[in-house]
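Me: Could you take a close look at one chain of this assembly for me, both its fold and the surfaces it shares with its neighbours? I would like one connected walk through it, please.

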4 protein chains.
Amino acid sequence: MRLIIDTDTAGDDCFSLLLAMKTPGVTLEAVTICNGNVDFDQQAENALATIEAAGLSGQVPVYLGARKPLLAEWEPAQMHGADGMSGANLPRARQRPEDQHAVDALIERIMAAPGEIEMIAQAPLTNLALAVTKEPRIAKALKHLWIMGGTDNSVGNVTPCAEFNFYVDPEAAEIVFRAGFDITVSTWTLTMRASTFDADQLARLDALETPLSEFYRKVSDTPRKVALERYGRVICTHPDTLTCACAIDPSIIRAARPAVVRIETAGKITRGFSAMHPAKLGARWPEYHDNARIIEDADNTAFFAMLERAFSA
Amino acid sequence: MRLIIDTDTAGDDCFSLLLAMKTPGVTLEAVTICNGNVDFDQQAENALATIEAAGLSGQVPVYLGARKPLLAEWEPAQMHGADGMSGANLPRARQRPEDQHAVDALIERIMAAPGEIEMIAQAPLTNLALAVTKEPRIAKALKHLWIMGGTDNSVGNVTPCAEFNFYVDPEAAEIVFRAGFDITVSTWTLTMRASTFDADQLARLDALETPLSEFYRKVSDTPRKVALERYGRVICTHPDTLTCACAIDPSIIRAARPAVVRIETAGKITRGFSAMHPAKLGARWPEYHDNARIIEDADNTAFFAMLERAFSA
Amino acid sequence: MRLIIDTDTAGDDCFSLLLAMKTPGVTLEAVTICNGNVDFDQQAENALATIEAAGLSGQVPVYLGARKPLLAEWEPAQMHGADGMSGANLPRARQRPEDQHAVDALIERIMAAPGEIEMIAQAPLTNLALAVTKEPRIAKALKHLWIMGGTDNSVGNVTPCAEFNFYVDPEAAEIVFRAGFDITVSTWTLTMRASTFDADQLARLDALETPLSEFYRKVSDTPRKVALERYGRVICTHPDTLTCACAIDPSIIRAARPAVVRIETAGKITRGFSAMHPAKLGARWPEYHDNARIIEDADNTAFFAMLERAFSA
Amino acid sequence: MRLIIDTDTAGDDCFSLLLAMKTPGVTLEAVTICNGNVDFDQQAENALATIEAAGLSGQVPVYLGARKPLLAEWEPAQMHGADGMSGANLPRARQRPEDQHAVDALIERIMAAPGEIEMIAQAPLTNLALAVTKEPRIAKALKHLWIMGGTDNSVGNVTPCAEFNFYVDPEAAEIVFRAGFDITVSTWTLTMRASTFDADQLARLDALETPLSEFYRKVSDTPRKVALERYGRVICTHPDTLTCACAIDPSIIRAARPAVVRIETAGKITRGFSAMHPAKLGARWPEYHDNARIIEDADNTAFFAMLERAFSA
Ligand SMILES: [Ca+2]
Ligand SMILES: [Ca+2]
Ligand SMILES: [Ca+2]
Ligand SMILES: [Ca+2]
């Protein structure tokens with residue numbers, strides 16, 4: 001499969017990139033950087049370092065996109081340490097970002113191969129919103145869009161009602177969901193249900209003792225420690241990597257349903273909230289039409305096996 | 001137990017009144033009418049007819065409250081037929097509504113017996129919002145407030161994101177949840193999970209062949225027919241009656257949790273949405289404090305038994 | 001004329017009460033207290049002290065109303081000193097507030113004399129919103145409602161877009177403007193244009209050396225000092241008193257126009273904003289109808305003369 | 001002066017282009033087309049036809065931009081006839097639009113000549129919002145940005161509270177005003193005050209009997225007729241052309257003031273409303289800073305003379 005990943009590279013974002021780069025049959029053709037988790041330039045460095053860690057330096061171009069959300073003020077996520085890499089202190093990558101803007105790289109690459117490229121959007125959706133506003137035809141030319149974001153039960157992670165990626169740029173998210181893409185959504189609800197590795201699983205990954213398992217161990221250090229402190233046990237969640245796994249091998253999706261997805265951009269307590277309603281509910285509002293498929297459950301064991309395989313390489 | 005029910009009497013509202021009136025140990029001391037399901041005066045007639053059906057004519061005073069929501073435009077609910085009684089064509093009750101306004105009746109009765117009276121609010125919350133704004137001390141003087149309304153998974157019934165009672169008067173709902181009452185919420189989510197009687201259960205009720213089971217059969221006729229048409233089987237849901245059952249016998253509550261409840265009054269797609277978040281999420285927003293208990297599951301069999309017993313009398 | 005004044009008594013509110021009490025032909029039949037400028041109970045004391053200063057102790061009943069806005073959090077206004085009286089340290093009045101709630105006093109008095117009583121609302125509109133929601137018929141039974149609040153040019157005084165009285169309780173204001181009252185609005189825009197007394201005028205009032213001019217001098221001390229510091233000259237503005245003057249003698253109104261008044265209750269920057277549009281603009285929105293008359297200009301000299309006369313008594 | 005005009009070319013937009021093209025010392029270097037008044041492709045044709053009418057075919061490149069607003073649904077303006085040209089039925093221009101996207105043309109041209117180019121934005125601000133989000137440095141590289149849009153007294157023209165250009169894409173407007181441009185705003189309030197030509201002025205323009213005065217007569221036919229019908233006299237207003245005149249010769253600006261401009265993107269009645277507050281009001285909100293200069297009055301006679309001169313050529 002031909003793949004582009006849009007990412008605010010920090011922590012789990014890196015593992016998603018690794019999974020894509022190390023799974024046979026997947027070609028990661030480009031990485032685009034969007035505002036999100038940590039300092040914008042740091043995110044680009046994190047992506048480049050991850051490409052280098054995968055042994056693909058110079059083979060996966062990295063494009064810089066929107067340094068801040070359309071309207072919202074950018075605030076860093078917590079959870080990732082200052083560098084977004086658990087202070088892993090990786091050496092600066094030799095590969096440098098491309099000159100072309102991420103928005104133009106997206107448009108050019110998608111329009112050059114209509115129906116062939118799939119995309120994973122694992123960051124706030126500013127880059128994609130700009131691209132599809134500038135060139136609306138990418139919505140139909142992209143083969144499939146896998147979005148990590150939102151919740152389908154209203155229980156958020158950055159505010160009580162909103163998930164981080166959609167909260168950071170709700171206007172961008174609403175633009176993307178209206179644009180006519182063929183979309184599958186991997187929600188924070190799904191993250192909580194199916195993306196967590198427990199202490200045993202983490203121990204198995206650590207025991208691989210490959211360079212990539214070592215990379216994983218270092219970069220996931222902060223979330224592991226936070227979990228230990230907060231819940232009394234070492235665990236690690238993988239919103240972006242699970243999204244990538246579903247895109248690469250949809251057979252790990254255990255349940256999915258069509259839905260009407262809308263993002264709240266106003267609201268006193270609901271800014272960034274995502275409505276992901278069954279079609280029959282949306283039907284009550286005539287202007288509502290199914291515009292996405294929501295993953296409701298995924299196979300955690302199969303997901304783990306995919307990552308274990310990738311890190312064994 | 002000493003009980004007051006605030007109701008927009010139509011269909012299931014009536015069965016809740018009957019359950020309260022026919023359960024030994026429960027004294028229904030007053031009924032207050034709020035805008036909601038159908039025409040306001042019709043709702044009062046429905047309450048009076050229900051009291052008459054229970055053989056308590058003249059013994060449960062009915063007070064008229066707010067004829068419309070604070071700010072929202074009133075729209076009738078669907079689902080209940082023009083009279084809200086499936087066209088049951090009940091004779092006009094001899095008992096007439098009281099002169100005192102519902103808001104004053106609520107204040108007077110609650111303040112006269114601090115810590116003794118419980119209340120079921122099974123309609124939009126306009127009356128209670130007015131009462132607690134006029135006399136804030138009722139919040140602490142009321143023993144417990146059982147509210148039917150909202151959802152805790154964002155899947156509404158009147159708009160995709162909002163449940164009817166909260167949608168009709170979101171400002172009132174927000175006022176009530178901020179006022180300091182001791183609240184248990186019976187949501188639409190719970191309604192869908194635990195309040196439905198299937199064809200067998202309905203047949204058992206019909207087979208009672210008592211005046212009250214006959215009343216039930218007539219008044220639930222429209223929702224049964226709608227269900228048959230829509231889902232291919234006869235079922236009937238009981239949001240208000242299940243709320244009443246939980247109030248009368250809390251042992252049928254299978255799961256409940258404390259929560260921070262807020263009602264969205266703005267929002268492009270979320271007006272009337274209820275956030276009912278686990279305390280630890282709310283804690284991220286310092287101004288959020290637990291202000292209610294959410295019923296997550298209830299014993300449908302025990303609930304059915306309560307109603308069967310009440311209708312057997 | 002028969003008059004009721006709803007007030008958050010502090011500073012200028014008092015002078016409005018005095019003007020009403022000391023103008024021949026005006027009967028101030030009741031004063032109702034609403035949340036607003038300063039501490040609620042202090043406001044009641046200020047009203048009672050003002051009645052005593054006017055020599056009418058025991059003759060003008062004072063009723064306590066809503067201690068806080070419907071939904072908004074109450075915040076005190078600045079500008080008035082802690083007691084709202086420039087620290088005038090007036091003796092505690094002998095007269096005490098009535099037991100009846102302001103909302104019931106308003107309803108009872110207005111319904112008892114349909115078409116006879118006019119009302120000045122010179123505070124946030126919580127009391128009136130509650131009253132008209134509880135008894136909608138007061139909207140037509142009240143002869144005329146004079147409201148001090150809002151702006152008709154979008155230039156506010158508490159936020160850039162909103163005037164204090166409407167900002168404190170925008171939901172209440174919207175309820176009142178929708179209720180069907182016959183309304184004249186005295187805006188903050190008008191306050192800025194026509195209600196200011198300059199140093200000469202203030203000197204003339206001070207020179208009266210009557211008990212009431214002395215009361216005025218003391219109670220207006222803080223705003224005078226603030227003006228001196230801020231603008232380099234002693235001035236004093238009279239939003240409420242000018243409203244009262246227009247109600248008592250409409251001939252001082254120099255220009256007025258019908259308008260469609262709506263209050264913004266949502267909005268990121270416009271909460272409490274008042275739209276007061278020419279009818280022809282409102283007509284573009286079919287649901288818009290003229291619901292108020294806006295005073296555009298008033299005769300400052302005649303207004304001053306009215307107050308001078310009242311204080312000379 | 002070096003000038004770029006972003007336009008939703010219809011009616012008055014054309015006269016603004018003509019004024020820029022026919023005023024000595026002004027070089028119109030590019031025209032960019034934004035969604036707005038009428039069908040997008042028709043707008044491009046109108047711009048090309050206007051360039052041809054000015055005798056500059058092939059000398060002023062026209063770039064196509066965003067075909068719809070960021071989030072809002074596009075609706076055509078009224079007032080301009082189906083073609084936006086009063087049915088003038090102009091011959092199709094020989095010049096065709098450029099291939100480069102308007103957003104890239106803006107970025108490339110502005111960044112290539114920092115501090116040299118001024119821009120008139122006389123349409124919804126989608127193109128500029130996209131450009132400055134993609135390349136934030138254009139905000140400082142553009143010499144000056146003249147924006148036609150908004151009101152500074154809350155009296156709108158498309159809804160009671162909002163002016164057309166800002167209402168069509170309020171999110172874009174808010175992005176542009178936050179981006180750090182050096183901005184002068186020519187409001188709809190100013191349009192009403194200073195841009196109208198009366199019957200005498202129109203007769204003088206018609207009497208020129210030049211090709212451009214003939215172009216003007218034809219293209220302004222519909223608004224003239226509408227005015228006659230609505231107000232009983234022939235008049236014509238020129239929001240965009242007055243903005244262009246102020247940019248070309250700022251000496252016709254009679255009064256201007258610095259202001260804090262914010263655009264409401266939420267709001268029940270205020271979507272698209274523009275707050276344009278005196279700095280001292282904004283100062284109450286610490287996050288508010290002057291970000292624009294508002295033209296309060298302009299010299300209608302001098303403006304007319306500029307256009308008369310341009311059409312005489
Ligand atoms: Ca990410
Ligand atoms: Ca009900
Ligand atoms: Ca006042
Ligand atoms: Ca234009």
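Reply: Happy to help; what follows is a tour of chain B, beginning with its sheet and moving out to its two interfaces. Please keep in mind that this is a predicted model.

Let us begin with the sheet. Chain B has an open sheet of 9 strands, with mixed pairing, and the strands come in the order β3-β2-β1-β4-β5-β6-β9-β7-β8. At the edges stand β3 (62-64) and β8 (274-277) of chain B; each has a single partner strand, so one side of each is left without a neighbour in the sheet. From one strand to the next, the twist averages 30 degrees.

Now we can go along that order and look at some of the pairings. At the β3(B) edge, the partner is strand β2 (residues 27-33) of chain B, and the two run in the parallel sense over 3 bridges. Here Ile33(B) lies opposite Leu64(B), a residue of β3(B).

Further along, β9(B) takes part in two pairings worth reading together. With β6(B) it runs parallel, and 2 bridges join the two strands. With β7(B) the sense is antiparallel, over 6 bridges. Arg293(B) in β9(B) appears in both pairings: it is the bridge partner of Thr184(B), and it is also the bridge partner of Pro258(B). If you are following the side chains here, a general point is handy: in a regular strand they alternate between the two faces of the sheet.

Chain C offers a parallel reading of this region. There, too, strand β6 (residues 183-186) of chain C and strand β9 (residues 292-298) of chain C run parallel and are joined by 2 bridges, and Thr184(C) has Arg293(C) as its bridge partner in β9(C). Strand β7 (residues 253-263) of chain C pairs with β9(C) in the antiparallel sense over 6 bridges. One of the residue pairs you can pick out in that antiparallel pairing is Ala255(C) with Asp297(C), the latter in β9(C).

With the sheet in place, we can turn to the surfaces that chain B shares with its neighbours, taking chain A before chain C.

Between chain B and chain A, the contact draws 27 residues from chain B and 27 residues from chain A. Together the two chains bury about 2300 Å², and carbon and sulfur atoms account for 65% of that area. How many salt bridges are counted between chain B and chain A? The count is 0. Polar contact is another matter: the rule finds 13 residue pairs across this interface, with both residues at pLDDT 80 or more. On the chain B side, the elements giving two or more residues to the surface that touches chain A are β7, β8 and α13 (279-282) of chain B. That brings us back to the sheet, as β8(B) is one of its edge strands. By class, the side of chain B that touches chain A divides into 12 nonpolar, 10 polar and 5 charged residues.

The interface with chain C has its own character. Here 13 residues of chain B are in contact with 13 residues of chain C. The buried area is about 1500 Å², of which 67% comes from carbon and sulfur atoms. Three residues, Leu71(B), Thr133(B) and Lys134(B), supply 38% of the area that chain B buries against chain C, more than any other three residues.

The rule finds 4 salt bridges across the interface of chain B and chain C. Among them is the one in which the side chains of Arg178(B) and Glu73(C) meet, at 3.6 Å from N to O. There are also 6 residue pairs in polar contact between these chains, with both residues at pLDDT 80 or more. As for where the chain B residues come from, α4 (126-134) and α7 (170-178) of chain B each supply at least two residues of the side that touches chain C. The largest share comes from α7(B), with 4 residues. Sorted by class, this side of chain B has 5 nonpolar, 2 polar and 6 charged residues.

To put the two surfaces side by side: toward chain A the salt bridge count is 0, while toward chain C the rule finds 4. In the viewer, β7(B) and β8(B) are good starting points for the chain A side, and α4(B) and α7(B) for the chain C side.

Key:
Residues are numbered from 1 along each chain as its sequence is written. Chains are lettered from A and ligands numbered from 1 in the order in which they are written. This is a predicted model: local features need pLDDT of at least 70, side-chain atom pairs count only at pLDDT 80 or more; totals for chains, interfaces and linings use all residues. Side-chain values use heavy atoms; hydrogens and water are left out. Contact means heavy atoms within 4.5 Å. Buried area is the accessible area (1.4 Å probe) that two parts lose on being put together, summed over both. A polar contact is a pair of N or O atoms within 3.5 Å; within protein, one must be able to donate a hydrogen and the other to accept it, and residues adjacent in sequence count only if both atoms are side-chain atoms. Ala, Val, Leu, Ile, Met, Phe, Trp, Tyr, Cys and Pro count as nonpolar, Asp, Glu, Lys and Arg as charged, and the others, Gly among them, as polar. Two strands pair if DSSP finds at least two bridges between them. Axes are lines fitted to C-alpha atoms, for helices over the stretch in contact, and angles run from 0 to 180 degrees between N-to-C directions.
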